[in-house]
Amino acid sequence: MSTELPLIGDYSTPTAELSGARIGVVTFPGTLDDRDAARAVRAAGAQAVSLWHADTDLQDVDAVVIPGGFSYGDYLRAGAISRFAPMMDKIIDAANSDAKLPVLGICNGFQILTESHLLPGSMIKNDHLKFICRDQVLRVENDQTAWTNGYTAGQEITIVLKNQDGQYVADEKTLDMLEAEGRVAFSYVGWNPNGSRRSIAGISNAAGNVVGLMPHPEHAIEAGFGPDARGTDGLTFFTSVLTHLVGGKK
Amino acid sequence: MSEQTQAFNIDTVDNAASTPDVELPWAELGLKDNEFAEIVKILGRRPTAAELAMYSVMWSEHCSYKSTKTHLRQFGQKVTEEMKKDLMVGMGENAGVTNLGDGWAVTFKIESHNSPSYVEPYQGAATGIGGIVRDIISMGARPIAVMDPLRFGAIDHEDSQRVVHGVVSGIGGYGNSLGLPNIGGETVFDPIYQGNPLVNALAVGALRHEDLRLANASGVGNKVVLFGARTGGDGIGGASVLASESFDDTKPSKRPAVQVGDPFAEKVLIECCLELFKASLVEGIQDLGAAGISCATSELAANGDGGMNVELTNVLLRDSTLTPGEILMSESQERMMAVVSPDNVEAFEAVMAKWNVEYSWLGEVTDDNRLTITWNGEVIVDVDPSTVAVDGPEYDRPYARPDWQDALQADTFRASEAGKNLPESGDQLKAAVLELIASPNMCDKSWITRQYDRYVGGNTALAAPDDAGVVRIDEETGLGVAIATDANGRYAYLDPYAGAQLALAESYRNVATSGAIPAAVSDCLNYGSPEDPDVMWQLAEGIRGLSDACMELGVPVTGGNVSLYNQTGDKAIHPTPVVATLGKLDDVARRTPSGWREEADGQAIYLIGTTADELDGSEFANLRGHLGGLPPKVDLGAEKALGAILINASRDGMIDSAHDLSEGGLAAALSEMVLRYGVGARVALDEIKARDGIDSFTALFSESQARAIVAVPRSEEVRFNDMTSARGVTVARLGVVDAQSGALEVQGEFTVSVDELREAHEGTMVKYFG
């Protein structure tokens, strides 16, 4: 298996038509994984466009990644302040518009998406009360979203998990609804690393253009610089959205 | 500002000149009587309250190195031209800078934050990370990783709960919020550190040559600006009172002297500074750490070509009741001071506005070679900045070999009661291996490392538990660095000179094991009170040993830190010189991990180096509660030869994994390699037992130096053996990687399953800390 992995630094471009895609990566004060997210976008063959939280110009991007970190220090509540950034207003409008801008929220980005009500539920402190960084196995539950169409439902992938406030919570009705509508995108396999309800690692909105998850696909895109398993399982998030943008699943 | 001046009488320079007999609290501020007399002599009058505050912190042991300067000079003297070749900035600046080629440079430094981390573990450890990271930014570099060597008291001591939980969550809470991967360190438990835990922090940064910045204030008329967090009442006198005295139960709590950190402010400050550097908007820059504004103003002025004039009421405060002296001494975190040319003021302010960072213009660079500080226009400080920052007191403190040292060295493990009834049978050896890898020092530390983000940045190629942390700097070429920190307090206690050399040897070896070429050294010298001649001897011997060894290995010391007074009452810690070695990797893709994977099945396992009967000071002796004799023999020639083998074998693809032998010897190294990816091995000890004239127990537990285990693909064995014999390095083929067995088999002795090993290794930290 390892022989098929790309060489370090070899970002093979998927298809020629997709190379024109522009994917925005938002930076807030305290964002940490923005450069990683931009690298993942480039590794997938698209162009990474840096978006500043205080700006209001989406710069014609085709999709947006809200990366992880501790925006505003997470001092009030993770994502609670960033949600009011001018750039977020634009992103919320575009995600809800007919164009259905694809938006991926990772970790702090997921927290910002729930605070923005683009996704239901919320994140609280891990049940064991500690920051946790580990290689995490996830099961793909929904392979129909803009960001997961390159996976196969039931597939297990290994990407990085690292968070302090990663326990996904929602009321029972919402959890039932998410499961019934197939909006649970990823579940934790084995030990539940933060006490998330029903082992939920990531969810999507009803239209499938907005996806949020706690683990970090952008840290598993280059062999040798991610999980010990040397996997590049996270790259498919970023190639999936390119497939989605050219109008087709698979 | 006017209401502030009402709050207290301002002691101006004029007032000081006219009231020579006013009693000043110099002793409470940590100054000795001869030092106070010297200040009066320098000024030609008594100091003002503000001047006294400045001198007291800047002349503290922590800031002035007054007890060690005379010894530390050896690091600058024992250097060859060859060693200086890649040194762009040496000792004395915020951090040393080493050329990596291709226009890249790297800067790194290790520092202590010991005393604050005992008083207030969370904030002490957190601000230790914050401080060292600002040192790195001050050089114009982007910080790229941190590491933290930790030493705590006994694992089962009740206070270890408070200290370990606090320190680890402090490092995590602060470091994780900065977006810096934590790539390693070490954790040691020993009752000797009870009440004096050692919390050392290392940061490394990368920069392009043209971005190099230094801490000096030059250019008359250039503006001096303070930016970042506001100045508050935290950490006042941290350097003088906390870091430069021993703890004593009779004194009041020192909590107000510990700083409080705000990692979000630091993260914003990092990005803000990098933007300033990129646009070339600052002429000189200095972080505010120990001694706060006192240090920043006096060092910037002393290093520049003129003087500096500062209006202190311009400092933005968190607490409006602070006196001028407190403002000068405050160690509030997340602050930087810069010198900006008038042309760049507008652009500078725009960057501050973008990042929402507060700033205030304090004054400007002058041509009178004086540091003048005013309070609403009235002069409260008028000094030659060099007398504050550079020409502080210097002591050649008395030292002598302790009278107990001979008896200690004569008390060998083999001759002691603890050295009787050593394991002999296979079952006994197996039990000893399991006991060893479950022991507090040798057990798995992922309870700690999983609380740190090791992935952020996407450039981490190796991290704990591998021998060295490896980070990529240039994504195009794969250029990167490897860093390892090591120390063994027991070795240094038995022989302070050899102990310091052994610390260097181990970190050098660890860097080479990862495949990197050792290039520079930073050291954190943790010792007891320099006023005790026994301790001062340990320190003098440690510095002499380390500087001699650096010269022999050809790696220059580029900076570091000395932490003294690590003692409670008259009980000092073991001398603990923590040595960090930085190595260069042209392509981090070639780095060598510390264990074998399934696809390495059948690869040959070689032990490089020879094994002697060296158990004094070892982890095994420690398990039996014995400490005496002489530490393992230092052989720097052999270390160099081993390093060359490991580096060349990695570069030429002759080895797939490698692990150095250090604490716990062969038993620990084999167990750790098996556990790294859960893949077993079959080895035999017969060859090395016969060759080196030792028994199985010694083969497994001796801590002889200059050894490593490597796994060599079958196709490379001929080349590997040719290379080692051509270089005259002794190797033995111990056995093979066995991906099917799920066990470590030491043939003729015992077989231990991977699960048994894992259970022993991983259970200990969880048992004590949950």
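The exercises below, each with a worked solution, concern a predicted model.

**Exercise 1. State how confident the predictor is in chain A, and find a stretch where its confidence is low.**

Step 1. The average pLDDT of chain A is 91, and 91% of the residues score at least 70.
Step 2. Residues 1–17 of chain A have a pLDDT below 50. Beyond near neighbours in sequence, this stretch has 25 contacts in the model.

**Exercise 2. Classify the ring pair of Phe110(A) and Tyr168(A), and place both residues in the chain.**

Step 1. Over all chains, the count of aromatic pairs comes to 23.
Step 2. For Phe110(A) and Tyr168(A), the ring centres are 5.9 Å apart and the planes differ by 15°. Planes under 30 degrees apart count as stacked, and this pair is stacked.
Step 3. Phe110(A) belongs to helix α3 (residues 108–115) of chain A, while Tyr168(A) belongs to strand β8 (residues 167–169) of chain A. The two residues are 58 residues apart, and their pair links distant parts of the chain.
Step 4. Phe110(A) and Tyr168(A) are both buried.

**Exercise 3. Do the same for Tyr606(B) and Phe720(B).**

Step 1. The centres of these two rings lie 5.0 Å apart, with 55° between the planes, and the pair is tilted.
Step 2. Tyr606(B) is in strand β22 (residues 604–608) of chain B and Phe720(B) is in helix α28 (residues 717–726) of chain B, so the pair ties together parts 114 residues apart in sequence.
Step 3. Buried means under 20% relative accessible area. Tyr606(B) has 3% and is buried; Phe720(B), at 0% relative accessibility, counts as buried.

**Exercise 4. Find which ring the charged end of Arg83(A) sits over, and which ring Lys354(B) lies over.**

Step 1. The charged end of Arg83(A) is placed over the ring of Phe84(A), 4.6 Å from its centre.
Step 2. Lys354(B) lies over the face of Trp52(A), and the distance to the ring centre is 4.6 Å.

**Exercise 5. Explain why the residues that UniProt lists for "binding site" in chain B gather at one spot.**

Step 1. The UniProt entry, which is unreviewed, lists Glu111(B) and Asn561(B) for "binding site".
Step 2. Glu111(B) has its place in strand β3 (residues 104–112) of chain B, and Asn561(B) is found in strand β18 (residues 557–563) of chain B.
Step 3. They span 451 residues in sequence, but no two of their C-alpha atoms are more than 5.3 Å apart, so they gather at one spot.
Step 4. Leaving out residues up to four places away in sequence, Glu111(B) touches Asn561(B) and others including Ile132(B), Asp135(B) and Cys524(B). On the same terms, the residues touched by Asn561(B) include His62(B), Tyr65(B), Glu111(B) and Cys524(B).
Step 5. Asn561(B) counts as buried, at 4% relative accessibility.

**Exercise 6. Describe the surroundings of His216(A).**

Step 1. His216(A) lies in the loop between β11 (210–213) and α5 (235–245) of chain A.
Step 2. With a relative accessibility of 1%, His216(A) counts as buried.
Step 3. Neighbours within four places in sequence aside, His216(A) has contacts that include Asp33(A), Gly68(A), Cys107(A) and Lys162(A).
Step 4. His216(A) and Ala37(A) are 179 residues apart along the chain, and 9.2 Å separate their C-alpha atoms.

Note on methods
Residues numbered from 1 in each chain as written. Chains lettered and ligands numbered in written order. Predicted model: local features only at pLDDT ≥ 70, side-chain atom pairs only at ≥ 80, totals over all residues. Heavy atoms only, no water. Phe/Tyr/Trp six-rings, centres within 6.5 Å; stacked < 30°, edge-to-face > 60°. Helix = DSSP H or I, 4+ residues; strand = E, 2+ residues; numbered from the N terminus. Buried < 20%, exposed > 50% of the residue type's maximum accessible area, 1.4 Å probe, protein only. Lys NZ or Arg CZ within 6 Å of the ring centre and 35° of its normal. UniProt positions renumbered as here; feature names shortened; annotations may be inferred. Contact = heavy atoms within 4.5 Å. pLDDT = per-residue confidence, 0-100.
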